[in-house]
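Student: Hi, do you have a moment to go through a model with me? I have a few quick things to ask.
Tutor: Happy to, let's bring it up.

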Amino acid sequence: MKKRVTGIGGLFFKTKDPKATKAWYKKHLGFNTDDYGCTFWWKDKNGNDCSTQWSPFPEDTKYYEPSKKDFMFNYRVENLEELLKTLKAEGVTIVGEIEEYEYGKFGWILDNDGNKIELWEPVDDAFL
């Protein structure tokens, strides 16, 4: 396997009022927010368009379960299916099944502290 994680795909965190949080970041830090948060665009070393998502979630979200933390990291990966097979063989806990959308494939694992981590094999062109 060439690479596992290639970058940060997103930062997700719980907040009492996602709408107010997005408005605060827009006003004070200039985030270009939408319903999902803010997408940051950048180029990889080969000049390809890539994105990183910043998203506040409601504090009662179940999306991070089974983790009890108020945050979840999303990491960009090259080959999600191969990586999940490798991680499973290494004894890493896999959470749920792979989900596929026009903007990429998603899978989830737990780290050694029980934090849920989202792995994303992106299709950045879907956002352009």
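Student: Which residue's side chain meets that of Lys43 in a salt bridge?
Tutor: That would be Asp49, with N to O at 2.7 Å. One caution before we go on: this is a predicted model.

Student: Noted. Is Lys43 buried or exposed?
Tutor: Lys43 has a relative accessible area of 52%, and the cut-off for exposed is over 50%, so Lys43 counts as exposed. Its partner Asp49 is partly exposed, at 30%.

Student: And where are those two in the fold? What are the strands there?
Tutor: Strand β3 covers residues 37-43 and strand β4 covers residues 49-58. The two strands run antiparallel and are joined by six bridges. Within that pairing, Phe40 sits opposite Thr52 of β4.

Student: How many salt bridges are there by this rule?
Tutor: The count is three. Another one is between Glu90 and Arg4, whose closest N and O atoms are 2.8 Å apart. That pair links distant parts of the chain, 86 residues apart: Glu90 is in the loop between α2 and β6, while Arg4 is in the segment before β1.

Student: How accessible are Glu90 and Arg4?
Tutor: Glu90 is partly exposed at 47% relative accessibility, and Arg4 is partly exposed as well, at 36%.

Student: What does Lys105 pair with?
Tutor: Lys105 forms a salt bridge with Glu81, and their closest N and O atoms are 3.1 Å apart. This pair also links distant parts of the chain, with Lys105 in strand β7 and Glu81 in helix α2, 24 residues apart.

Student: Buried or exposed, then, for Lys105?
Tutor: Buried. Lys105 has 18% relative accessibility, and the limit for buried is under 20%. Glu81 on the other side is partly exposed, with a relative accessible area of 37%.

Student: Let's zoom out to the sheet. What is the strand order?
Tutor: It is an open sheet of eight strands, in the order β2-β3-β4-β1-β5-β8-β7-β6, and the pairing is mixed. The edge strands, each pairing on one side only, are β2 (33-34) and β6 (93-101).

Student: Mixed pairing, okay. Which way do β1 and β5 run, parallel or antiparallel?
Tutor: Antiparallel, over seven bridges. Phe12 stands opposite Met72 of β5.

Student: And β5 with β8, parallel or antiparallel?
Tutor: Those run parallel, joined by four bridges. There, Tyr75 is placed opposite Leu119 of β8.

Student: Which strands does helix α1 lie across?
Tutor: Helix α1 (residues 18-29) lies across β1, β2, β3 and β4, and its angle to β4 is about 130 degrees. Helix α2 (residues 80-89) lies across β5, β6, β7 and β8, running at about 15 degrees to β7.

Student: Changing topic: what volume does the largest pocket have?
Tutor: About 630 Å³. It is lined by 24 residues, and those nearest its centre are Phe12, Tyr36, Gln53, Ser55 and Tyr103.

Student: Which element gives the most to that lining?
Tutor: β4, with six residues. The elements giving two or more residues to the lining of the largest pocket are β1, β3, β4, β6, β7 and β8.

Student: One for the backbone. Which peptide bond is cis?
Tutor: The bond from Glu65 to Pro66 is cis, with omega near 15 degrees. In general, most peptide bonds are trans. Pro66 belongs to the loop between β4 and β5.

Student: What about Tyr63, where does that lie?
Tutor: Tyr63 lies in the loop between β4 and β5, and it is partly exposed at 33% relative accessibility.

Student: What is Tyr63 in contact with, leaving aside neighbours within four places in sequence?
Tutor: Tyr63 is in contact with Phe57, Met72, Trp108, Lys116 and Glu118. Lys116 is 53 residues from Tyr63 along the chain, and their C-alpha atoms are separated by 9.3 Å.

Student: Great, thanks for walking me through it!
Tutor: Any time.

Conventions
Residues are numbered from 1 along each chain as its sequence is written. This is a predicted model: local features need pLDDT of at least 70, side-chain atom pairs count only at pLDDT 80 or more; totals for chains, interfaces and linings use all residues. Side-chain values use heavy atoms; hydrogens and water are left out. Two strands pair if DSSP finds at least two bridges between them. Contact means heavy atoms within 4.5 Å. Axes are lines fitted to C-alpha atoms, for helices over the stretch in contact, and angles run from 0 to 180 degrees between N-to-C directions. A salt bridge is a side-chain nitrogen of Lys or Arg within 4 Å of a carboxyl oxygen of Asp or Glu. Buried means under 20% relative accessible area, exposed over 50%, partly exposed in between (1.4 Å probe, protein chains only). On a 1 Å grid over the protein atoms alone, a cavity is a set of points where a 1.4 Å probe fits but cannot get out, and a pocket is an open set with protein on both sides within 12 Å along at least five of seven lines; lining residues have an atom within 4 Å of a point. Grid points are joined across faces, edges and corners, and a volume is the space filled by probe spheres set on the points.
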